[in-house]
Amino acid sequence: MKTEEILAHSPKVLTQEQREFYFDQGYLLLEKFISDDWLDTLWATTSAFIEQSRVETPSKELFDVEPSHTPSSPRLRRLLSPVDTHPVYREFAFEGPLADLAQDLLGPNVKYHHSKLNFKWSDGGEEVKWHQDIQYWPHTNYSPLTIGVYLSDVDEEMGPMGVIPESHKGPLFDLYNENNEWTGALNDQDVARVGPHNAVWLKGPRGSVTVHNCRMVHGSMPNHSPRMRPLLLQTYAAADAITLTNLTDRFPHSNRIIRGEAAKWIDFDPRPCLMPPDWSAGYRSIFAVQQMEEGAGSRTVAGSAGMM
Ligand SMILES: O=C(O)CCC(=O)C(=O)O
């Protein structure tokens, strides 16, 4: 659906100005968008998962942990697919305020793609290097967007999400290195090209919400504060965008229509998209792939000689 057609539908939770800002700049920050009731419920569920991770080797199906994780001092990087893991996250993503927000930016027919809870633990929680999302999970068009919810107050010390305004209008960058290995991040020359000095750091009190388009260059610094920075992320797309890889096939709720109806006609954007590696044998997290850890998943392009 074209931007003008989306804007012609009456918004549910945003002003017309906020919608236009998103399409022009590629991102939004909505301070205190989520109610305290929802935040308390999400925290109760999240605390139970943190407790569950207090074992020597937490489940790889549920958690991605830092190499120094221990039962007495858990260091979670990510709860892998909250929507598939607990009904509270599911209700929040499918029926809560985020579904209205997604509809205001995607049009009446909205599909859920995936979710994750990035903890960025206190005292050194890892950086997320500059990258664009869509090369990780190509779709037939560039409608997909990710909505993040800060479950705690987040200030600049805590590694808030950083975005480069309007970078969604620019090129998609190659996330492979010179040896054709997936790094999942822009190389130094491309980072210089987009100008990290232009970054806007999205901070705010708990319940603040970030939105970024799937072509947006974004990332975040390490968390050097004594406070963790839990950011609950859920990705949605217009119903007429079809995902092109099997990355989320193991998640039962992926690609579910949460508002409106399934598309009869698929929309194709002619701009090419980079193909990621074939991660059907396993994918852990952006942290693991960007740190190029052992077992983080395949690094060569899907279908290349290196896969055989
Ligand atoms: O957690 C963050 O700061 C950024 C997360 C992100 O960009 C991602 O998971 O793709």
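Student: Is Asp 36 buried, partly exposed or exposed?

Tutor: This is a predicted model, in which local features need pLDDT of at least 70 and side-chain atom pairs count only at pLDDT 80 or more, while totals for chains, interfaces and linings use all residues. Residues are numbered from 1 along each chain as its sequence is written, and side-chain values use heavy atoms, with hydrogens and water left out. Buried means under 20% relative accessible area, exposed over 50%, and partly exposed in between (1.4 Å probe, protein chains only). Because its relative accessibility is 49%, Asp 36 counts as partly exposed.

Student: Which residue meets the side chain of Asp 36 in a salt bridge?

Tutor: A salt bridge is a side-chain nitrogen of Lys or Arg within 4 Å of a carboxyl oxygen of Asp or Glu. The N to O distance in this pair is 3.4 Å, and the partner of Asp 36 is Arg 206. The pair links distant parts of the chain, 170 residues apart, with Asp 36 in helix α3 (residues 36–52, helices being DSSP runs of H or I of at least four residues, and strands runs of E of at least two, numbered from the N terminus). The partner, partly exposed with a relative accessible area of 25%, is Arg 206.

Student: Why do Cys 214 and Cys 273 form no bond?

Tutor: A disulfide is a covalent bond between the sulfur atoms of two cysteines. Here it is counted as a pair of cysteine sulfur atoms within 2.5 Å, and by this rule the count comes to zero disulfides. The sulfur of Cys 273 has its closest cysteine sulfur in Cys 214, and this is too far for a bond, because the distance is 7.9 Å.

Student: Where does His 131 lie, and is this residue buried or exposed?

Tutor: His 131 lies in strand β5 (residues 128–131). The side chain of His 131 reaches the backbone oxygen of Lys 129 at 2.9 Å. Because its relative accessibility is 2%, His 131 counts as buried.

Student: How far from an oxygen atom of the ligand is a polar side-chain atom of His 218?

Tutor: The ligand is surrounded by residues including His 131, Asp 133 and His 218 (each with a heavy atom within 4 Å of the ligand). For His 131, a polar side-chain atom lies 3.2 Å from an oxygen atom of the ligand, and for Asp 133 the corresponding value is 3.3 Å. For His 218, the value is 3.0 Å.

Key: A polar contact is a pair of N or O atoms within 3.5 Å; within protein, one must be able to donate a hydrogen and the other to accept it, and residues adjacent in sequence count only if both atoms are side-chain atoms.
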